[in-house]
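Colleague: I should like to go through this structure with you and ask, for each term, what justifies its use.

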Number of protein chains: 2
Amino acid sequence: MSGADVTPSCPAPVRRHAKVQLAHGGGGRLMRELIEELFLPRLASGRPSRRHDSAVVELGAERIAFTTDSYVVHPIFFPGGDIGSLSVFGTVNDLAMAGAEPRFLSAGFILEEGFPLDALERVAESMRAAADAAGVALITGDTKVVDRGKADGLFVNTAGIGLVPAGVDIAPDRVRPGDAVILSGDVGRHGIAILSVREGLEFAVPIESDCAPLSASVRALVRDGVELHCLRDLTRGGLASALNEIALDGAVGITIDEELVPVLEPVAGACELLGLDPLYVANEGRFVAIVPESDVERALRALRTEPVSQGAVIVGRVADRERGRVVATNRIGGTRLLDLLSGEQLPRIC
Amino acid sequence: MSGADVTPSCPAPVRRHAKVQLAHGGGGRLMRELIEELFLPRLASGRPSRRHDSAVVELGAERIAFTTDSYVVHPIFFPGGDIGSLSVFGTVNDLAMAGAEPRFLSAGFILEEGFPLDALERVAESMRAAADAAGVALITGDTKVVDRGKADGLFVNTAGIGLVPAGVDIAPDRVRPGDAVILSGDVGRHGIAILSVREGLEFAVPIESDCAPLSASVRALVRDGVELHCLRDLTRGGLASALNEIALDGAVGITIDEELVPVLEPVAGACELLGLDPLYVANEGRFVAIVPESDVERALRALRTEPVSQGAVIVGRVADRERGRVVATNRIGGTRLLDLLSGEQLPRIC
């Protein structure tokens, strides 16, 4: 492995590990540290960094959103989707979370020597169908091949460009105490769908990934003039991690009522069986919208016009106490802290 | 491996292989077939596809170039560069080849569990230095981690956005018989630099990669009003493969005089030793410009104002015979066909 004999060119920052851990990609505390301590100080180009799913910048006369994600999901085909649809919807959703209209995607393929070409065809077809469903065009791409044993079949990267409509400004620092936390639907299906294949679990009712584009739901919110303080899709680390990111980046507290978070019965059952907390399980077609109290009804009406978000419900509030923390209350009046995970609950979920 | 037990969902096209070969990523005939027969029919969204290093599209009031590349180079550190600078310059150069001003880059990291964090720091610092040198900003990123043995240390994807100045229109279908083929400098250094580390070769004079940004050279050509029929950077497959792509996409013949192609003495020596043809060896800071005869002197003057292209020379002509083919003439008046390679000369060169 090429990096093993490398001498550091600068003093190493204080950190707990000398080598990459699985949890560095898990959406929890270690990934946040990696980004904040290693990548941002070295890569970011001086501009005030507004942590977000997409970067929003001026490009000539336009304001655009730009984002990228690599997809290493294992297995690459799963109930309700595959690495192709996931790689399109995931990037479309990151653009949508900035309030942007997704327009163009790139696709970069890293193939392992020996990967079946018919599987690659299926993935390409799935990407095209997903792009058509989301109203974006795949316009540029790249293919690399690595020798057998140096990758795991297929990794896909997509980057996406969207146009941000005039007047739209969405970011965690706009979140205010008293705002409502709206969740677009039931949680945990993507993670459990992946796990069911990976672990060979069979459920009475097959659980399908929620993998879907969220741009139409965001368009409905913008169209109806809802004041959007923050949007965040729930991917790695699930609802709990997304809310933690918002609480940390926006320097607010967030309280949710655990009983209000929709979890389908088979998903809840699988989580119990597997010892997983559905609030931390990955989704690929769910998001939270943080809106001022005055706009809650309008937001719910707008979301419910789109099938993917017709199950939208209020699940919590933004508070001015316990800043940077997320607390869940339950039926019997107890509370628990929903912390950022330190370890890795489910590797290679996306 | 997850795709192995997959059944095809549609009739497989006629092709010579059922599985991915190393040469599918090599920049030669097999990669061209993969793109033309598998990806383009499935992914491209109906728009007339102008095959190019970048896609050029309208975005609101602007015309932008958009491109992506994944980098799997092995080893990740090599004389004259590393996977970080390569991933920035490679994508900057693809934008420049569309005549665009590179503006924004994304960075997607796929890390293997156990990869040293100090090596990752070096790569991030190298990316930032390269971005500063090329005048682009890295504004968005993503990190994924795969379990040990499922990747090879570090893969990097970058995507890039550039603004295309009004009046600039560069593509192979503008190439005309009689046009001159200008090469921006000596060829073969990147490939030999990589090989020297990989194979533990020691040369009297160390050979450094030519890895460099080409945007300033293109800016000089545009500034001086040179009519640019086509630009193409020489990466995988080298000069011969780039010219083949232009000959095929532009439906023209190309003849070069092999004696006019600059190859540094140690590179020529290494190629002889290793049995490689320098015309096929990869570069990461070289390009060809196809310009009408009337603009040759102006083009050469413009190129020679930039250090990276001060060695620019005419190496050949576009012809209206032998369409789709590239022919090299040599000192003694002989000719040879520079065909697209079928196999893989050097895997994982970028």
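Colleague: What makes strand 8 and strand 12 of chain B a pair?

Modeller: Two strands pair if DSSP finds at least two bridges between them. Strand 8 (residues 180-183) and strand 12 (residues 313-319) of chain B have 4 bridges in the antiparallel sense, so the criterion of at least two is met. Within this pair, Leu183(B) stands opposite Val313(B). Strands here (E, at least two residues), like helices (H or I, at least four), are DSSP runs numbered from the N terminus. The model is a predicted one, in which local features need pLDDT of at least 70 and side-chain atom pairs count only at pLDDT 80 or more, while totals for chains, interfaces and linings use all residues. Residues are numbered from 1 along each chain as its sequence is written, and chains are lettered from A and ligands numbered from 1 in the order in which they are written.

Colleague: Which other strand of chain B pairs with strand 12 of chain B, and in which sense?

Modeller: Strand 10 (residues 253-257) of chain B pairs with strand 12 of chain B, again antiparallel and over 4 bridges. The bridge partner of Ile256(B) there is Gly316(B). In chain A, strand 10 and strand 12 pair in the antiparallel sense over 4 bridges, and Ile254(A) has Val318(A) as its bridge partner. As a general matter, strands of a sheet pair through backbone hydrogen bonds, either parallel or antiparallel.

Colleague: What is the strand order of the open sheet of 7 strands in chain A, and which strands are its edges?

Modeller: The order is 9-11-8-12-10-13-14, with mixed pairing. Strand 9 (230-233) and strand 14 (335-337) of chain A are the edge strands, as each pairs on one side only. Neighbouring strands of this sheet are turned by 25° against each other on average, direction ignored; the axes behind that angle are lines fitted to C-alpha atoms, for helices over the stretch in contact, and angles run from 0 to 180 degrees between N-to-C directions.

Colleague: Why is chain A called as compact as a globular protein of its length?

Modeller: The radius of gyration is taken over C-alpha atoms, and the globule rule is 2.2 Å times the number of residues to the power 0.38. Chain A holds 8 helices and 14 strands. Its radius of gyration is 20 Å, close to the 20 Å that the rule gives for 350 residues, so chain A is as compact as a globular protein of that length. The C-alpha atoms of chain A fill a box of roughly 55 × 55 × 45 Å along the principal axes.

Colleague: How are the domains of chain A bounded, and which residues make up their contact?

Modeller: The bounds come from an automatic or database domain assignment, which gives domain 1 (51-163) and domain 2 (172-337). Their centres, taken over C-alpha atoms, are 23 Å apart. The contact takes 22 residues from domain 1 and 26 residues from domain 2, where two residues are in contact if their C-beta atoms, placed from the backbone, lie within 7 Å. On the domain 1 side, helix 2 (83-96) and helix 3 (117-134) of chain A each supply at least two residues. Helix 2 of chain A gives the most, with 8 residues.

Colleague: How do you know that chain A and chain B are related by a two-fold axis?

Modeller: Copies are superposed by least squares on the C-alpha atoms of residues with pLDDT of at least 70 in both. Chain B can be laid on chain A with an RMSD of 0.0 Å by a turn of 180° and a shift of 0.0 Å along the axis; that is the relation of a two-fold axis. In chain B, Ala151(B) has the C-alpha nearest the axis, 2.1 Å from it.

Colleague: Why are the copies said to meet through the same surface?

Modeller: Of the interface residues of chain B, 100% are also interface residues in chain A, so the copies meet through the same surface. In the interface, 91 residues of chain B are in contact with 91 residues of chain A. Helix 3 of chain B provides the largest share of its side, 11 residues.

Colleague: What makes the peptide bond from His74(A) to Pro75(A) cis?

Modeller: Its omega is near 0°. Pro75(A) is found in the loop between strand 2 (62-71) and strand 3 (77-78) of chain A. The bond from His74(B) to Pro75(B) is likewise cis, with omega near 0°.
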